[in-house]
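Here are some short exercises to work through with the model open beside you. Try each task before reading its solution.

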Amino acid sequence: MNIHERDAVIAGGGPAGMMVGYLLARAGLKVTVLEKHADFLRDFRGDTIHPSTITLLGELGLREKFLALPVTRVRTLDVVIDGERMSLVDFGTLPPPDNFLVFAPQWDFLNFLAREGAAFPGFEVRMNTEAVDLLRDGTTVTGVRAQGLDGEIELRANLTIAADGRTSRMREAAGFDPERLGVPIDVLWFGLPRPVDPPPPTLAYLDERGIVLTLERGDHYQGGFVIPKGGYEELRAAALEAFRDRLVSTAPVLASVVGSITDWDQVKTLSVQIDRLTRWHLDGFICIGDAAHAMSPVGGVGVNYAIQDAVALANVVTAPLRLGRVPERILDAVQRRRMPPVRRMQSIQRLAHDRIRRPLGARPGPAIPRVARLVLRALQPLVRRVTARVLGRGFLPEHVRPGGLVE
């Protein structure tokens with residue numbers, strides 16, 4: 001058995017895990033991030049980097065390096081409702097300089113954090129290594145047992161952080177079971193070439209037959225189609241041509257490119273879920289990111305809320321870790337700080353699910369009643385500002401504290 005001593009060990013190399021690992025190593029601590037895969041190339045990794053995260057990168061001196069990557073900057077997002085285009089999000093209304101959204105493949109973002117973290121002697125990422133169980137001394141978590149290519153290892157640490165996603169193995173090992181909130185939809189994801197004469201950046205097209213997502217990714221779209229929960233097999237039972245026709249019916253702009261979908265293997269199902277833990281921590285252990293609260297794709301906020309968790313945690317555990325163990329009351333303070341914004345955003349997502357469940361072809365008629373659409377059109381200037389604030393900055397944006405000390 002190989003045994004390693006670290007200040008902190010992190011299960012999961014997603015946004016939360018890589019960010020908290022970077023921050024703790026930057027503060028001079030010895031940190032290991034465990035990622036069970038050989039690389040970061042995964043389906044369904046969120047890749048919207050919101051203004052709040054860009055601000056955090058600026059506080060770390062990484063903003064310009066990150067923006068030099070092949071990313072797509074977006075200031076406004078439109079929605080086309082029953083054929084009428086409305087601009088409902090304008091990040092340009094936020095204070096500069098971080099008044100835009102960035103689309104960046106998540107694997108590029110994670111590789112970027114890994115490269116920058118490598119500058120610190122205490123930073124280590126172990127790929128192909130999965131945390132499989134918690135180590136304990138009585139009721140205190142003292143690290144993890146992990147399985148890598150060279151066999152089993154133990155990483156003993158003063159703090160163990162579960163950032164291993166919505167199916168977290170470490171969360172289960174801790175005995176935590178999340179509160180699962182009902183979700184009525186799933187999303188089919190697929191890639192499409194960008195049309196030759198593309199419209200302005202458009203988040204979604206809605207009509208009586210469905211909802212089609214068109215997220216810009218440089219020279220292509222990340223396309224999505226919202227379906228009732230568990231409805232994929234019924235849709236697939238029809239011909240692929242019928243699926244393409246449904247996409248074009250709702251989003252005519254795709255007519256010239258939808259033919260690139262030639263096989264159902266190009267269409268992936270994302271089972272949408274929302275859940276959250278009622279308790280995130282034990283003595284020596286805490287869950288963050290999706291391991292603590294799975295978010296819906298609505299608003300694309302999952303990556304950013306995970307990073308906010310990481311910053312909030314690093315801000316208050318850095319000083320205690322330099323001295324030894326972190327008192328559990330500090331971990332509880334992290335949960336108490338992060339839970340309210342999580343609850344508020346999940347409430348908004350659930351409301352959105354209830355609204356978008358209607359235009360899935362079950363009943364004829366416009367996606368949004370005409371009167372409601374008239375009101376929405378009249379309130380566009382206010383809506384654009386509010387949505388930019390809620391999505392772009394969040395309800396409790398975190399900031400990096402110098403030295404990780406509590407203000």
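**Exercise 1: Confidence**

Task: In this predicted model, find the mean pLDDT of the protein chain and the elements with the lowest and highest mean values.

Solution: Start with the whole chain: its mean pLDDT is 89, and 93% of the residues reach 70 or more. Next, go element by element. Helix 10 (residues 370-378) has the lowest mean pLDDT, 71, while strand 20 (residues 285-287) has the highest, 98. Keep a general caution in mind: where pLDDT is low, the predicted coordinates should not be read in detail.

**Exercise 2: The span of a helix**

Task: Work out what span helix 4 (residues 106-117) should have, and compare the end C-alpha atoms.

Solution: Helix 4 has 12 residues. The expected span is 1.5 Å times one less than the number of residues, so helix 4 should span 16 Å. Its end C-alpha atoms are 16 Å apart, in agreement with that value.

Now look at its packing. The buried residues of helix 4 include Phe-109, Leu-110, Phe-112 and Leu-113. The elements that its buried residues pack against include helix 1 (15-26), helix 2 (51-59), strand 8 (123-126) and helix 8.

**Exercise 3: The cavity**

Task: Locate the largest cavity and describe its lining.

Solution: First, count: the structure holds 1 cavity of 30 Å³ or more. The volume of the largest cavity is about 70 Å³. Then find its centre, where Ser-52, Tyr-305, Gln-308, Arg-393 and Gly-394 lie nearest among 14 lining residues. Helix 8 (302-323) and helix 11 (380-392) each supply at least two lining residues, and helix 8 gives the largest share, 3 residues. Finally, sort the lining by type: 6 nonpolar, 6 polar and 2 charged.

How values were computed
Residues are numbered from 1 along each chain as its sequence is written. This is a predicted model: local features need pLDDT of at least 70, side-chain atom pairs count only at pLDDT 80 or more; totals for chains, interfaces and linings use all residues. Side-chain values use heavy atoms; hydrogens and water are left out. pLDDT is the predictor's confidence in each residue, from 0 to 100. Helices (H or I, at least four residues) and strands (E, at least two) are DSSP runs, numbered from the N terminus. On a 1 Å grid over the protein atoms alone, a cavity is a set of points where a 1.4 Å probe fits but cannot get out, and a pocket is an open set with protein on both sides within 12 Å along at least five of seven lines; lining residues have an atom within 4 Å of a point. Grid points are joined across faces, edges and corners, and a volume is the space filled by probe spheres set on the points. Ala, Val, Leu, Ile, Met, Phe, Trp, Tyr, Cys and Pro count as nonpolar, Asp, Glu, Lys and Arg as charged, and the others, Gly among them, as polar. Buried means under 20% relative accessible area, exposed over 50%, partly exposed in between (1.4 Å probe, protein chains only). Contact means heavy atoms within 4.5 Å.
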